[in-house]
Amino acid sequence: MTTSHVPGITLNDGRTIPQFGFGVFQIEPKDTVKATLAAFEAGYRHIDTAEMYGNEKEVGEAVRQSGLPRDEVWVTSKLNNNAHRPDDARRFFDRTLSELGLDYVDLFLIHWPLPTRYDGDFVSTWKTLEEFQHDGRAKSIGVSNFQTNHLNRLRDEADITPAVNQVEVHPYLAQNELRRYCVEHQIAVEAWSPIAQGKVLDDPTIIEIAQRVGKSPAQVVLRWHIERGDIVFPKSVNPERITENIDIFDFELSGEDVQAITGLDRHERTGPDPDTFDMIPD
Ligand code: NDP
């Protein structure tokens, strides 16, 4: 399932996810239908939402208003941090489907591992997601913000290998080691905050490459993710940027340019550290 110019990535469960999509974190519910429809209009066919974002309902509404066949749109959502206990996970997953107004999601993720909560037990949460995949309501399942030690635990204690690991990746946090682990274990990497919420766009190396190849800094960074093989879904509420961000399939970066951008790595997070993040909403 891909639009003509967006490549697909084959997951370890055999399904194909569009490598490029639209992220809706921090889009107000009142703006979500309009922004998501603008994304569909620009050719996006993959939406990344979460219960935590408070806009699943509006994402579902946009899918319906788009008139696109359900099997031409990839919808991802995520389990919130207050629902890791299996019974809560089941209840919250029912609610996610009902908010979206969909019979299934294409991909469902544990949003954060929360290793300091729930007695460190994210394995029983994962086994609950395995149920959702078995009953067909989550076509693919994966995790988000998992470090190698968390992934190793799932490898030892669970049946299904996550199809994806969605983690913070951008030029200032290249995540070389974690990405290597994921490639080795056939876990696709989804890069969240792919342009570091704008923080990498003033970088002189990125600006120099952008001027040389005749693209914007955001396009160069998004193309860097594509060339590395990661899945990306930049967020924007601005229709021009929505169009700009997907317009990255008519050029390539040289190997040297990819390396120069990877070389900007400063191990600098914009978001929380998954080993210590323990936020549970009320
Ligand atoms: P992004 O790296 O996508 O950056 C979004 C910011 O950059 C917004 O402020 C946007 O402003 C601006 N922007 C977008 N396009 C351009 C452009 N072409 N030029 C200049 N500025 C631009 O950050 P996000 O944190 O939103 O990450 C993307 C997605 O990743 C999220 O929406 C969500 O789906 C996912 N995510 C997942 C997390 C997880 O824990 N699993 C955590 C965080 C994000 P404007 O809207 O005004 O254009």
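These are my notes on aromatic rings and charges over rings in this predicted model.

**Ground rules.** I am working with a predicted model, where local features need pLDDT of at least 70, side-chain atom pairs count only at pLDDT 80 or more, and totals for chains, interfaces and linings use all residues. Residues are numbered from 1 along each chain as its sequence is written, and side-chain values use heavy atoms, with hydrogens and water left out.

**Aromatic pairs.** I looked for rings of Phe, Tyr and Trp (its six-membered ring) with centres within 6.5 Å; planes under 30 degrees apart count as stacked, over 60 as edge-to-face and the rest as tilted. By this rule I got ten aromatic pairs. In one of them, Phe22 and Tyr44 meet edge-to-face, 5.5 Å centre to centre with 85° between the planes. Both Phe22 and Tyr44 are buried (under 20% relative accessible area, with exposed over 50% and partly exposed in between, using a 1.4 Å probe and protein chains only).

Next I checked Phe122 and Phe146, which are also edge-to-face, at 5.2 Å centre to centre and 70° between the planes. Phe122 counts as buried at 2% relative accessibility, and Phe146 counts as buried at 0%.

Which residues form one aromatic cluster? I found Phe20, Phe22, Tyr44 and Phe249.

**Charges over rings.** Here I needed NZ of Lys or CZ of Arg within 6 Å of the ring centre and within 35 degrees of the ring normal. Lys139 lies over the face of Tyr104, 4.5 Å from the ring centre. I also noted Arg223, whose charged end sits over the ring of Phe251, 6.0 Å from its centre.
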